[in-house]
Amino acid sequence: MGAGHAHPLHHHGHSRVHHLAPEAKVAAAFATTVAIAITPREALWAFAIHAAVLAGVVATARLPLRFVLARLTVVLPFVTFALFLPFVAGGEQVEVFGLEVARDGLWAMGNVLTKATLGATVSIVLAGTTESSRILMGLERLRVPAALTTIATFMLRYLELIADEIGRVRTAMAARGYAPRWLWQARPMASAAGALFIRSYERGERVHAAMAARGFTGTMPDLGIRRAGPAEWFMAATVPTFALAVTLTALLTN
Amino acid sequence: MPPSDAAPAILVDDLHFHYPDGTQALDGLSLRIDRGERVAALGPNGAGKTTLALHCNGIHVPERGRVEVLGVPVDEANLPEVRRRVQLVFQDANDQLFMPTVREDVAFGPANLGLRGAELDDRVAEALAAVGASDLAGRAPHHLSGGERRRAALATVLAMRPDVLILDEPTSGLDPAARRELLDVLAGVPQTLLVITHDLPFSLELCERAVVVDAGRIVVDMPTRALLTDEELLHAHRLELPFGFHLSPTDRG
Amino acid sequence: MHAPDGFLNVGTAVATGALSAGAVSVALRQSREQLGDRQVPLAGLSAAFVFAAQMVNFPVAAGTTGHLLGGALAAILLGPAVGTLVVTVVVVVQALVFADGGLTALGYNVLNMAVVTSFGGYAAFVLMRRLLPRNGTGVVVAAGLAAGISVVLSSMAFSIEWLFGATADVPFDTVFGAMVGVHLLIGIGEGAITALAVGAVLAARPDLVHGARDLDRIALNDRPPVGIRAFAIGATLVTLLVATVVSQFAVDDPDGLEFVAEEQGFLESGEDHSFGDSLFADYATRGLGNESASLAVAGATGVAITLAVGFGLFAAVRERRRDPTTAG
């Protein structure tokens, strides 16, 4: 569930999408996802257009198809849920391949699958073309509180260190024959987690000391990194604007 | 060279300090380091060397006794001034490299001092060049080797243009080549140096003077070469030259 | 529970987004109060810890594994404000940087996984501590129970969101029964791991457990009258019992489909749920028909979550900066 990947998705490249300013990309990603999410589920034509547009963006970004498909597996748990819908939903029944399923359930299944997949594709394009620190910078430029983005920056900076520590502890435990299968055998893992928390917190205190030693008094200094120009916003806005137009048309003609 | 009656770089007078859990870390420690000196702080683990270092850059405030850096007393009121003048390179470089890229880390300090734009960029370039890390500017800290991290951390504090540099175990964990690179860098910096280390040959090469900290006080204070040729004195404080390393009191090594 | 885009309707996404934004801004302000200029490095490192801990597989039974959510753990160790903040950062970064969870689903994902688990979990923790002995064991047991409860609260919140924002014709009680039933079981794992982890921190650095800051060394080591093992077994049995009862909700009436068809006919005649139709999602209330019990359950659930989160928020705001003597 919460067990995502430890390695950010950034797929190094020099496409036009890669070079767009992050705040423009983040805003565009949100807008496009909104457009997809509010598309009425019966408007299959609209979804087809959305998919085509996204495919175009993936191609422009020169992201390998295998890469995108691999990361799309994150929606699998919901695919499973979605597949149940025709069987658990109520309402009018129809027959499909000899099975009695709810017609509404079929629509709902299609709706969830499509929106989840398309939405995830947008996220993958964003994460794949933008370094994590720049995504956070983009958020900050979009007026997300600096404290939040800085905390996130630090989190990402130290995540690998902590994940490495966990790896070392697990190796050490496994080397001494620890292979738990039941919950009550998990005590050493939980103790290790507690110890890891303490070490992480203490490192946090040392980092604070280092920051204070270099003059930090509570607000991050302005390190002078450039903002997006109007041309970049314009370019970034093409996809979401088009997507929103499609969605609006779908909503109005529904 | 500054006039001889200028305030010493570091002046510690009868310093006492104990940690919240009760351990007496410093027990009447006194030390004077003049500007331009390079002093090695040697001694067994737990002797109080790091605690002493943390007093000199204001992370700890003396509970009893006095600490002055360049004539400025270390107390709550003077902390910003103290921190401008004294910088510490931590044992774990990861604690000092908290920004996404090396460039941003080096820029962090001077930006806090108010530098902006071209002035900031120049300061960053200067610090990176001083440690031979100009090519590491755009890299993320977790993609650096141990030696590169150590030099990057050094750059972050050099960018503050301190008068005094304290280094805590700078060579620990470094391979011989990285160690040599660091030594070369440190040999060239203008700052007054206080180097906490277990690496005796390093202390010999870099520092003309050595003090031994034991049980919270300075117990030995003499020229480095003289100390390292005194086997009895070394052993009395859990120090030992590396195997095969021979020093005569007179040869230039 | 990283829901994808389009899972719940727009109104729900917007409403939960607003609620989350409000709760997180309180958390942001209060953690600043609490930590001062240490806020960024401490919260950052703690968030890294939570993120990393969420990736660990811990064994549940016969080789199957589970994952820690960590909201209650974060709140108990760091305080409700910092805890909520930390898990929020984790969830947001997972969505934006790791493409895990829909961007339009951030509202309810943050609400369910960060706000409800941390603020609500902390409220449960405070309540449990009042009922348990004032010593180290009391803290550990309270932590375990609170963590289990936090997971259940989270699933309840999701069920309530489904009631308002369902995009499929699956009635509230089915979703409630399935989600809450399953999460009662998941809660056992979360509770056990949280309790043990808090115990480990308490043993080495009790000053780092925000939820135990009212206890000094002596009180911490005070001998408990009830053993932990007995308690753990008791709690697990009770949980299993409740899970069985709750999951009955998930099972349709034997004549479920006919019943629903009747409902449809009934609805089309325009007689039923005129209030319900406008506020609740078109689907989720079908099956509520004559079962005012279901609506009562929904209401009670909503109230419980609101109280829990509200109390957690209140506790966070009430705490004065670095005051070691006030009990949560």
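Biologist: Leaving aside its neighbours within four places in sequence, which residues is L313(C) in contact with?

Modeller: Contact means heavy atoms within 4.5 Å. With the neighbours within four places in sequence set aside, L313(C) is in contact with A23(C), V26(C) and F119(C). Before we go on, this is a predicted model, where local features need pLDDT of at least 70, side-chain atom pairs count only at pLDDT 80 or more, and totals for chains, interfaces and linings use all residues. Residues are numbered from 1 along each chain as its sequence is written, chains are lettered from A and ligands numbered from 1 in the order in which they are written, and side-chain values use heavy atoms, with hydrogens and water left out.

Biologist: Is L313(C) buried, partly exposed or exposed?

Modeller: Buried means under 20% relative accessible area, exposed over 50%, and partly exposed in between (1.4 Å probe, protein chains only). L313(C) has 22% relative accessibility, so it counts as partly exposed.

Biologist: Which helix does L313(C) lie in?

Modeller: Helices (H or I, at least four residues) and strands (E, at least two) are DSSP runs, numbered from the N terminus. L313(C) belongs to helix α12 of chain C, residues 292-318. Chain C has 12 helices and 2 strands, and along the sequence they run α-α-β-β-α-α-α-α-α-α-α-α-α-α. Of its 328 residues, 62% count as buried.

Biologist: How far apart in space are L313(C) and A99(C)?

Modeller: C-alpha to C-alpha, L313(C) and A99(C) are 29 Å apart, with their places 214 residues apart in sequence. For chain C as a whole, take the contacts between residues at least 6 apart in sequence: 78% of them join residues at least 24 apart.

Biologist: What is the phi of A99(C)?

Modeller: A99(C) has phi near 50 degrees, a positive value in a residue other than glycine. A99(C) sits in the loop between α4 (80-97) and α5 of chain C. With a relative accessible area of 4%, A99(C) is buried. Chain A offers another case: R143(A), with phi near 75 degrees, also positive and also not a glycine. R143(A) is in the loop between α7 (132-141) and α8 of chain A, and because its relative accessibility is 72%, R143(A) counts as exposed.

Biologist: Which residues touch the most other members of the largest nonpolar core?

Modeller: In soluble globular proteins, nonpolar side chains tend to be buried together. A nonpolar core is a set of buried Ala, Val, Leu, Ile, Met, Phe, Trp, Tyr and Cys residues joined through side-chain atoms within 4.5 Å. The largest one here has 231 residues, and M155(A), L29(B), F98(B), L154(B), L165(B) and V93(C) touch the most other members. Helix α5 of chain C, residues 106-131, gives the largest share of this core, 14 residues. Beyond its neighbours within four places in sequence, M155(A) is in contact with G44(C), A47(C), A48(C), F51(C), V89(C), V90(C) and V93(C).

Biologist: How much area is buried between chain C and chain A?

Modeller: Buried area is the accessible area (1.4 Å probe) that two parts lose on being put together, summed over both. Between chain C and chain A it is about 6900 Å², and carbon and sulfur atoms give 76% of that. The contact takes 73 residues from chain C and 84 from chain A. On the chain C side, L45(C), L96(C) and F98(C) lose the most area to chain A, together 10% of what that side buries. Between chain A and chain B, the buried area is about 2200 Å², with 60% from carbon and sulfur atoms. Of the area chain A buries there, R157(A), R214(A) and L223(A) supply 37%, more than any other three residues.

Biologist: How many cavities of 30 Å³ or more does the structure hold?

Modeller: On a 1 Å grid over the protein atoms alone, a cavity is a set of points where a 1.4 Å probe fits but cannot get out, and lining residues have an atom within 4 Å of a point. Grid points are joined across faces, edges and corners, and a volume is the space filled by probe spheres set on the points. The structure holds 4 cavities of 30 Å³ or more, and the largest has a volume of about 260 Å³. Its lining has 19 residues, with I166(A), M189(A), A192(A), A193(A) and V56(C) nearest the centre. α9(A) gives the most to this lining, 6 residues.

Note on methods. 1 Å grid on protein atoms, 1.4 Å probe; cavity = no way out; pocket = protein on both sides within 12 Å on 5 of 7 lines; lining within 4 Å.
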